[in-house]
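Open the model in your viewer and keep the selection panel at hand. The stops below go from one strand pair to the whole chain, then to a pocket and a loop.

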Amino acid sequence: MKYRGLDLNLLVALDALLRLQSVSRAAGAVNVTQPAMSAALARLRQYFGDPLLITRNGKSILSPLAETLAAPVANMLRSIDATIIAPPSFDPDVADRDFSLLAADTVVAGLLAKPLQQISQLAPFLRLEIATPSGNLGERLESGEVDLVVVPEIHCSPDHPRELLVEEEHCVIACAKSWDGDAITLEDYAAADHIEVFVRPMARPYLPDRLFARYGVARRIAVKLDNFSLVPFFISGTRRLATLPGMTAELYGSFCDLKLFEPPIAIPRVRLVMQWHSRLQDDPGLAWLRARIRLCLADVHAQHKPRLYRLALETI
């Protein structure tokens with residue numbers, strides 16, 4: 001069927017090509033052969049009078065026109081999914097659909113594991129795809145690549161709805177065999193070697209130097225890592241320290257011989273939030289998923305008022 005000269009069947013191919021910037025990957029995404037996708041691209045190029053995909057230095061990139069089309073095409077198809085194709089209500093007993101979530105591995109293990117287990121029991125036909133953050137979160141939301149992100153609030157897009165899940169205090173972790181006592185002084189903290197995680201994609205330190213400069217502390221970073229999961233291996237058997245969100249610290253303390261100290265300086269809390277695209281605001285399935293996560297965390301909070309982080313220990 002054509003609308004003003006455009007074969008509407010080509011819109012699905014166009015969306016895949018704009019999102020994936022590859023004929024072969026777009027073909028796989030919509031379950032057609034590569035020659036069929038190449039033919040669709042040729043027809044789209046003819047309609048728009050534009051190459052859409054440009055090969056530069058052996059890599060496909062979007063033309064300027066294609067960049068302007070990517071968000072509107074994705075939004076239109078997602079709107080059709082949510083308002084025309086998707087059922088008006090959501091029944092978890094029989095719902096058969098995919099949800100894509102984005103969260104750090106430590107957040108999944110420490111905060112989301114138990115809620116997602118409950119969700120799998122309540123909605124046995126749901127399929128969950130869980131990925132860790134990379135690239136621009138706003139762009140991944142805009143493209144429809146992810147349905148829900150759970151990340152620190154500072155990484156959220158200002159353009160879409162969000163909801164606070166938990167505020168985390170920070171902890172200092174140390175090897176239990178190397179440190180005595182139940183507290184760490186500012187002097188000991190300043191004199192110790194530290195491990196710091198440099199967060200991608202900008203490779204910035206998780207805790208910036210300005211937080212410590214106010215107290216006259218210049219940390220010596222002995223080990224630089226690019227993800228949190230490696231930290232315990234560089235703590236064990238040493239006098240090094242690492243300062244992490246409380247959830248991550250308690251998660252590691254559940255399977256490593258660590259000591260957890262209150263930081264000797266004030267560090268702002270981590271505000272973990274859920275965020276989703278505004279076009280999914282009225283999606284009943286996503287609303288149900290968010291509500292189940294909130295309810296499960298509320299139950300755990302009632303049992304462990306000081307912190308929410310212990311909920312993961314029985315699910316790892």
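Start by selecting S100 and E129: E129, in β6, is the bridge partner of S100. This is a predicted model, so treat each stop as a reading of computed coordinates.

Extend the selection to the two strands, β5 at residues 98-103 and β6 at residues 127-131. The strands β5 and β6 pair in the parallel sense, over five bridges. Is β5 largely enclosed or open? Five of its six residues are buried, so β5 is largely enclosed by the rest of the structure.

Now show the whole protein as a cartoon. There are 11 helices and 15 strands to find. Of the 316 residues, 43% count as buried. Among contacts with a separation of 6 or more, 77% are between residues 24 or more positions apart.

Colour by pLDDT next. The average for the protein is 84, and 89% of the residues score at least 70. Then select residues 304-316, where pLDDT stays under 50. The model has 35 contacts beyond four places in sequence for residues 304-316. Where pLDDT is low, the predicted coordinates should not be read in detail.

Move to the largest pocket, with a volume of about 1400 Å³. Select P152, I154, H155, V199 and Y206: of the 45 residues in the lining, these are the closest to the pocket centre. To see which elements contribute, highlight those that give two or more residues to the lining:

- the helices α5 (105-122), α6 (137-142), α8 (210-213) and α10 (246-253)
- the strands β7 (148-152), β10 (193-199), β11 (204-205) and β15 (270-275)

Colouring the lining by class gives 25 nonpolar, 11 polar and nine charged residues.

For the last stop, select S157, which is found in the loop between β7 and β8 (162-168). Is S157 buried or exposed? Its relative accessibility is 10%, under the 20% cut-off, so S157 counts as buried. Leaving out residues up to four places away in sequence, show its contacts: S157 touches G138, R162 and Q275. Finally, draw a C-alpha to C-alpha distance from S157 to E139, which gives 9.1 Å for two residues 18 apart in sequence.

Terms used:
Residues are numbered from 1 along each chain as its sequence is written. This is a predicted model: local features need pLDDT of at least 70, side-chain atom pairs count only at pLDDT 80 or more; totals for chains, interfaces and linings use all residues. Side-chain values use heavy atoms; hydrogens and water are left out. On a 1 Å grid over the protein atoms alone, a cavity is a set of points where a 1.4 Å probe fits but cannot get out, and a pocket is an open set with protein on both sides within 12 Å along at least five of seven lines; lining residues have an atom within 4 Å of a point. Grid points are joined across faces, edges and corners, and a volume is the space filled by probe spheres set on the points. Helices (H or I, at least four residues) and strands (E, at least two) are DSSP runs, numbered from the N terminus. Ala, Val, Leu, Ile, Met, Phe, Trp, Tyr, Cys and Pro count as nonpolar, Asp, Glu, Lys and Arg as charged, and the others, Gly among them, as polar. pLDDT is the predictor's confidence in each residue, from 0 to 100. Contact means heavy atoms within 4.5 Å. Buried means under 20% relative accessible area, exposed over 50%, partly exposed in between (1.4 Å probe, protein chains only). Two strands pair if DSSP finds at least two bridges between them.
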